[in-house]
Amino acid sequence: MFWVLLLLLAWVFAGTACTRLCLAAAQAATADTGGADAHAAAREHGLTLYEAAFLSGGPDRVAELTLVAMARQRRLLLAHTGWATVVDPRGRDEMERSVIGAIGPEGQSRIIPVRARAAGAEAVRRLADGLVRAGLALPDGAASAVGTAVRQVRGAALAVAALGVTALLLPVPTATPRLLIGLWFALPITLSLSCLALARFEVHPYARWASPAGQRLLGALAGGTAGDERAFLTEVALRGVRAIAEPDLRAAFTHRDRL
């Protein structure tokens, strides 16, 4: 009856992973139904480009957007060699001042550490806190919880399948038919696959930063772009540096691949 021990282990894997996924999905749903005030604020909230960047890609995306916007206005030089040089040291808002401060007093620094320092600036933290209070961003930890739980359920399904195959191939004689053993192992596999299907239907896409309300605003923002400078910056906010068509400007962010 060694296969029974393998079956119990399969149920532990599947049950634990599915429970974590349910809890994570419930937490994400709570973030979207946190109260009437949050919903009213979300409906009345018009996203700025910085807010759209945070909801789409987090702090790093905010830093990227600021760098690109300053470069397009010729107040910052982003070289294809991966260096940022300050042209105009007067930042027009706190995000730009954070980027200039991240570059340092010498006025020149590599882009990768500048992006990291600017992403961790107090201005970005205040932006994130405001979005969380408005019900548009997920609190720390809630964002990646669903995606992590989904990966755990996928791993559990694979583990259950492996345990089932092991049980069927055991050379130890058993009074239970092999077909019946396979059917017993099909139950935890079915549970895992059902949870994955429900998660994809109910909480997909597994956003890392934006709440469901924030995702709806991002969708409206993406549909309302036009062919001008703001449209370009909106694409950068939503998609990151991969939205940049200029070879030299894009190379400034990807130069690390050639180091």
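In this predicted model, the buried residues of helix 4 pack against a varied set of neighbours: helix 3, strand 1, strand 2, strand 3, helix 5 (111-119) and helix 6 (122-133). Helix 4 itself spans residues 94-103 and is mostly covered, with 7 of its 10 residues buried. These buried positions are Met-95, Glu-96, Ser-98, Val-99, Ile-100, Ala-102 and Ile-103.

The strands that helix 4 packs against belong to an open sheet of 3 strands, arranged in the order 1-2-3 with antiparallel pairing. Strand 1 and strand 3 each have a single partner strand and stand at the edges, so one side of each is left without a neighbour in the sheet. From one strand to the next, the twist averages 20°. Helix 5 lies across strand 1, strand 2 and strand 3, and runs at about 95° to strand 3.

It is helpful to follow the sheet through strand 2. Strand 1 (residues 76-78) is joined to strand 2 by 3 bridges, the two running antiparallel, and here Leu-78 has Ala-84 as its bridge partner. The hairpin formed by strand 1 and strand 2 has 4 residues between the strands, and Gly-82 in this hairpin takes a positive phi near 95°. Towards strand 3 (residues 108-110), strand 2 is again antiparallel and joined by 3 bridges. Across this pairing, Ala-84 stands opposite Ser-109, while Trp-83 stands opposite Arg-110.

Which side chains of strand 2 are buried, and which are not? Along residues 83-86 the side chains alternate: Ala-84 and Val-86 point to one face and are buried, whereas Trp-83 and Thr-85 point to the other and are not. Ala-84 thus combines a buried side chain with a bridge partner in strand 1, Leu-78, and a position opposite Ser-109 in strand 3.

Helix 3, one of the elements packed against helix 4, also takes part in a helix-helix contact. Helix 3 (residues 49-72) packs with helix 10 (residues 229-239) at an angle of about 135°, their axes lying 7 Å apart. The two helices are therefore oblique to each other, and their crossing is right-handed. On the helix 3 side the contact includes Leu-49, Ala-52, Ala-53, Ser-56 and Arg-61, as well as Leu-65, Val-68, Ala-69 and Arg-72. These meet residues of helix 10, among them Glu-229, Arg-230, Phe-232, Leu-233 and Val-236. By type, the residues of this contact divide into 11 nonpolar, 2 polar and 5 charged.

Note on methods. Residues numbered from 1 in each chain as written. Predicted model: local features only at pLDDT ≥ 70, side-chain atom pairs only at ≥ 80, totals over all residues. Heavy atoms only, no water. Buried < 20%, exposed > 50% of the residue type's maximum accessible area, 1.4 Å probe, protein only. Pairing = 2+ DSSP bridges. Axes fitted to C-alpha atoms, helices over the stretch in contact; angles between N-to-C directions. Parallel < 35°, antiparallel > 145°, perpendicular 65-115°, else oblique. Left-handed = near helix turned anticlockwise from the far one by under 90°. Contact = heavy atoms within 4.5 Å. Nonpolar A, V, L, I, M, F, W, Y, C, P; charged D, E, K, R; others polar.
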